[in-house]
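Trainee: Could you take me through one part of this model in detail? I'd like to look closely at the core and what sits around it.

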Amino acid sequence: MKPYQRMLRQYGITQSMSRKGNCLDNAKIEGFFGILKREMFYGSEFHYHNFNQFKRALINYINWYNKERIKLALKMSPIEYRLKCYNKSSVVN
């Protein structure tokens, strides 16, 4: 959408999809947003009475997602996985 692209340029934001409009590079974040909506939002849309309540809930969800939620494929939380990978790479270096 041209108006959207103009607004991005106006604020110095680089668009993350290709010129053709393919969004394959956004697959990871799109997957995360799908999980976020399913786990945090759907069924609770009317639970948030104002933006600040929603913002607090979103921050809490992201912290929980990164620090405590076990990703089945990894069998650990994203933070645990990153720390494990970081520790392995620092031993090699």
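Mentor: Let's start with the core and then move outwards. Keep in mind that this is a predicted model. The chain averages a pLDDT of 83, and 84% of the residues score at least 70. Confidence peaks in helix 3, with a mean of 91, and is lowest in helix 4 (residues 78-92), at 78.

Now the core itself. The largest nonpolar core is built from seven residues: Phe32, Ile35, Leu36, Met40, Tyr48, Tyr61 and Tyr65. Two elements, helix 2 and helix 3 (51-67), each give two or more residues to this core, and helix 2 gives the most, with four. Pick out Tyr48 for a moment: setting aside neighbours within four places in sequence, tyrosine 48 touches Met40, Phe41, Gln53, Phe54 and Ala57.

Helix 2 also takes part in a salt bridge, and a search of the whole structure turns up just one. Arginine 69 pairs with glutamate 39, their closest N and O atoms lying 2.8 Å apart. The two partners are 30 residues apart, with glutamate 39 in helix 2 and arginine 69 in the loop between helix 3 and helix 4. Their surroundings are worth a look too: arginine 69 counts as buried because its relative accessible area is 15%, under the 20% cut-off, while glutamate 39 is partly exposed at 37%.

For contrast, go to the surface. Tyrosine 11 sits in the loop between helix 1 (2-10) and helix 2 (27-41), and tyrosine 11 is exposed, with a relative accessible area of 58%. Together with Met1, Tyr4, Met7 and Ile13, Tyr11 makes a nonpolar surface patch of about 610 Å².

Note on methods:
Residues numbered from 1 in each chain as written. Predicted model: local features only at pLDDT ≥ 70, side-chain atom pairs only at ≥ 80, totals over all residues. Heavy atoms only, no water. Patch = residues over 30% accessible without salt bridge, like charges linked within 9 Å, V, L, I, M, F, W, Y side chains within 5 Å. Areas by Shrake-Rupley, 256 points an atom, 1.4 Å probe, with all protein chains shown as cover. Salt bridge = Lys/Arg side-chain N within 4 Å of Asp/Glu carboxyl O. Buried < 20%, exposed > 50% of the residue type's maximum accessible area, 1.4 Å probe, protein only. Core = buried A, V, L, I, M, F, W, Y, C linked by side-chain atoms within 4.5 Å. Contact = heavy atoms within 4.5 Å. pLDDT = per-residue confidence, 0-100.
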